[in-house]
Amino acid sequence: MAPLTHRCIKDGWFREISSQWPGQAMTLKVNRILHVEKSLYQDVLVFESETYGNVLVLDGVIQCTERDEFSYQEMIAHLPLASHPNPKKVLVIGGGDGGVVREVLKHDTVEQVVLCDIDEAVVRVSKQFLPHMSSLLNDPRVTVFIGDGFKFLADNTSTYDVIITDSSDPVGPAASLFQKPYFELLRDALTPGGHISTQGECLWLHISLIEDLLKTTRSLFPVAEYAFTTIPTYPSGQIGFMVCSKEAGRDLSKPLRPVPNTRYYNAEVHKAAFVLPEFGRALLQEGKDVRPKFGPNAVEKTPTKKVLLLGSGAVARPCAEYVVRNPENALTIACRTLASAQALAGDLRNTTAVSLDAGSEEPAKQAALEKAIAEHDLVISLVPYIYHANVIKAAIKGKTHVVTTSYISPAIRELEDEVKKAGIVVMNEIGLDPGVDHLYAIKTIDEVHAKGGKVKEFHSFCGGLPAPECSDNPLGYKFSWSARGGLLALLNSASYLAEGKQVDIEGKDLMSVAKPYYIKPAFGFVAYPNRNSVPFREYYHIPEAETVIRGTLRYQGFPEFVRTLVALGWLSLDKKEWLKEGLTWAQVTQQAIGATDASESTLIARVKEVAKFPNEGEARRIISGLKWIGLFSDEKATVRDGTLLDTLCAQLQTLMQYEEGERDFIMLQHKFVVEWADGKTDTLTSTLEAYGEPQGHSAMALYVGVPCGIAVQLVLDGVFATPGVLAPYSKEICEPIRKILEEQGMGLVEKVL
């Protein structure tokens with residue numbers, strides 16, 4: 001049996017990373033993982049920690065630990081119960097771990113407790129791993145009901161003296177437990193004079209939500225208050241409760257009887273729980289915000305620069321985050337669908353979302369695009385590269401600056417005279433590759449020339465890959481973008497300089513020239529040329545260079561697998577009359593390779609004939625991979641656009657996605673062979689090895705988005721002010737961007753080998 005693993009546990013530490021508490025995370029050292037499962041509703045994890053005992057985690061968020069759970073369970077239960085004159089019937093919604101029920105049964109007046117939790121897995125797992133909390137679920141006074149709390153409340157009006165909602169945080173389905181319809185159901189399910197207590201979030205993190213909860217509950221209950229407790233393993237060490245009563249004038253802060261056998265709760269703590277720290281009291285009671293202001297919030301400025309961001313890909317968010325760091329910038333995010341733009345804008349300051357279509361030829365949509373661009377000082381074009389020229393044409397009309405991360409295409413270059421006449425900057429090629437690669441190529445080349453040296457060879461290879469531990473499919477690759485775009489790139493022709501001569505590679509032969517490429521002993525890379533490297537001898541000002549090659553890195557085994565797909569016809573864009581819905585994958589493969597029938601043995605024999613594998617071991621490896629894709633299966637194929645390539649894309653897009661908790665990896669290295677004036681030769685390297693954060697940005701998104709954002713700010717600030725179509729091929733452009741990039745803790749490591 002394989003050892004248990006979980007996405008939130010890395011290198012022996014559990015990390016609680018969530019959008020609910022951005023920029024911070026609770027970590028616990030893990031002794032061992034006890035249980036992992038995907039229930040019908042959530043991800044369930046139990047682990048034994050080094051210092052907090054067994055820990056229950058749902059959807060990556062700590063629910064309880066053996067060491068400190070009592071402070072939460074006692075307070076959410078005893079605040080409403082001890083202040084109620086005679087609670088007999090109690091309903092607990094959520095809380096399948098049993099901790100709240102345990103506390104409820106400490107009150108002698110209680111005759112009946114119903115626990116309603118939608119997820120049986122929480123109850124089952126808690127009985128196994130948290131028996132000190134769940135043991136009283138078998139008490140004769142307790143009924144456990146597995147089902148929907150909303151429906152249960154609606155079916156049991158005017159029934160319970162106290163209702164306690166032990167909910168998770170307000171994301172996903174649990175968000176409804178923080179909204180008015182739920183509180184209306186709670187109110188209606190109470191007996192006259194009844195009390196509720198619900199999980200009410202953290203003053204340090206969610207005070208705006210608490211403000212809304214108080215408004216909601218005070219519109220429904222004559223008495224509604226916020227109280228809190230401290231608990232080390234909850235975010236910021238504090239969590240609160242909305243405590244409400246249907247009895248006007250009832251003092252919820254006054255306990256009416258003692259509660260036995262507690263560890264945290266007592267009568268004085270009960271009273272003190274309603275006494276808020278001044279920043280909370282001032283905001284919740286007076287609407288006065290006395291919290292410190294720092295960072296961008298410390299400056300009270302009305303934005304003076306307007307930036308339009310077109311596109312919703314993964315790289316857009318880090319770029320947007322960088323742009324709005326400056327309080328003088330107002331950002332508009334535009335996507336084809338308003339929902340995509342709103343999701344991307346999220347909680348960004350000074351940011352609005354709109355719907356625009358940069359690729360549409362409809363006059364009305366083109367007019368809307370032109371109008372929006374004209375209303376902004378700068379437009380960031382992160383749409384597919386084929387639409388950049390459309391955006392730039394609109395920017396010329398509106399005299400609006402442009403920044404893109406893509407190569408300068410012929411269509412863009414044709415617009416240069418119009419760009420200059422409009423007096424605007426159109427900055428391109430400022431992502432990762434192209435982008436960061438330029439910054440460090442120019443830096444080293446300029447330094448070598450300044451010392452009288454010559455760059456005789458320039459080798460630059462970059463790969464955006466799954467991290468080694470995530471490269472678990474036959475190609476060793478995963479798609480964070482369009483599978484179609486990724487496969488089509490494998491058919492691009494390439495040119496480069498080698499020992500003074502130009503070498504041209506046809507797209508069909510690209511994988512055949514891939515060779516092992518050494519960077520570090522821990523990695524087995526292969527490299528192949530990418531596009532046309534020849535002009536970079538001129539762009540980088542190295543006329544003395546005899547070898548200039550820029551290319552792509554992949555893990556070993558990738559080129560041979562792709563070469564097989566090419567040989568079998570799977571990367572063909574030709575329309576096939578016979579390629580129709582209803583065919584199985586085996587039948588499609590039969591037709592594609594000209595096999596006599598669709599049996600697996602016949603297909604494999606024909607694949608071996610066509611692919612001409614060098615040995616039986618390689619044949620077994622690649623044929624196993626073709627089986628993994630499903631090309632020999634009897635399942636119905638998902639036919640797309642009548643082409644084999646698009647049909648394959650549909651399959652690979654599903655099979656080769658990054659799974660939750662996985663991370664990507666960037667390796668970029670420049671290698672300069674330098675000849676000095678005294679005849680000595682050195683090899684210099686500039687290397688980037690970067691990994692994405694599973695619960696944060698991918699490495700690719702960060703290293704494309706942040707350099708783009710930096711360039712945007714420098715254009716807005718007038719650092720780059722010369723009108724024209726620009727790219728970072730000079731010290732004047734590269735150095736300001738590189739210096740700021742390094743201030744962000746990003747950049748390449750330079751060495752002499």
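Here are some worked exercises on the sheets, helix packings and backbone details of this structure.

The model is predicted, so local features need pLDDT of at least 70 and side-chain atom pairs count only at pLDDT 80 or more, while totals for chains, interfaces and linings use all residues. Residues are numbered from 1 along each chain as its sequence is written, and side-chain values use heavy atoms, with hydrogens and water left out.

**Exercise 1. Work out the strand order of the parallel seven-stranded sheet, and find its edge strands.**

Step 1: get the vocabulary straight. Strands (E, at least two residues) and helices (H or I, at least four) are DSSP runs, numbered from the N terminus. Two strands pair if DSSP finds at least two bridges between them.

Step 2: read across the sheet. The order is β16-β15-β14-β17-β18-β19-β28; the sheet is open and its pairing is parallel.

Step 3: look at the ends. β16 (351-355) and β28 (724-726) each have a single partner strand, so one side of each is left without a neighbour in the sheet. From one strand to the next, the twist averages 20 degrees (angles run from 0 to 180 degrees between N-to-C directions, and axes are lines fitted to C-alpha atoms, for helices over the stretch in contact).

**Exercise 2. Zoom in on β15 and β16: how many bridges join them, and which helix completes the β-α-β unit?**

Step 1: count the bridges. β15 (residues 329-335) is joined to β16 by five, and the two run parallel.

Step 2: find partners. T332 sits opposite T352 in β16, and A334 has V354 as its bridge partner.

Step 3: add the helix. α11 (residues 338-345) makes a right-handed β-α-β unit with β15 and β16. Right-handed here means that, with the strands pointing away from the viewer, the path from the first strand over the helix to the second runs clockwise.

**Exercise 3. Describe the mixed seven-stranded sheet and the helices lying on it.**

Step 1: order the strands. This open sheet goes β9-β8-β7-β10-β11-β13-β12, with mixed pairing. At its edges are β9 (142-146) and β12 (223-230), each pairing on one side only. The average twist is 15 degrees from one strand to the next.

Step 2: inspect one pair. β7 (residues 89-94) and β10 (residues 160-166) pair in the parallel sense over five bridges; one of the partnerships is G94 with D166 in β10.

Step 3: place the helices. α1 (residues 69-82) lies across β7, β10, β11 (190-201), β12 and β13 (238-245), and runs at about 155 degrees to β10. α6 (residues 180-189) packs on the sheet too, touching β7, β10 and β11, with its direction at about 145 degrees to that of β11. Contact means heavy atoms within 4.5 Å.

**Exercise 4. Characterise how α21 packs against α22 and α20.**

Step 1: α21 (residues 600-611) and α22 (residues 616-629) pack at about 130 degrees, axes 11 Å apart. That makes α21 oblique to α22 (under 35 degrees counts as roughly parallel, over 145 as roughly antiparallel, 65 to 115 as roughly perpendicular, and the rest as oblique). Their crossing is right-handed; the near helix is turned from the far one by less than a right angle, clockwise for right-handed and anticlockwise for left-handed.

Step 2: list the residues. From α21 come E600, I604, V607 and K608, and from α22 E616, A619, I623, L626 and K627. By class, that's five nonpolar, no polar and four charged. (Ala, Val, Leu, Ile, Met, Phe, Trp, Tyr, Cys and Pro count as nonpolar, Asp, Glu, Lys and Arg as charged, and the others, Gly among them, as polar.)

Step 3: turn to α20 (residues 585-593). The axes of α20 and α21 come within 11 Å and cross at roughly 35 degrees, in a left-handed crossing. A586, T589, Q590 and I593 of α20 meet L603, R606, V607 and V610 of α21. Here the split is five nonpolar, two polar and one charged.

**Exercise 5. Where are the cis peptide bond and the positive phi of S158?**

Step 1: the bond from D433 to P434 is cis, with omega near 15 degrees. P434 belongs to the loop between β19 (425-427) and α16 (436-450).

Step 2: S158 isn't a glycine, yet its phi is positive, about 50 degrees. You'll find S158 in the loop between α5 (149-154) and β10.
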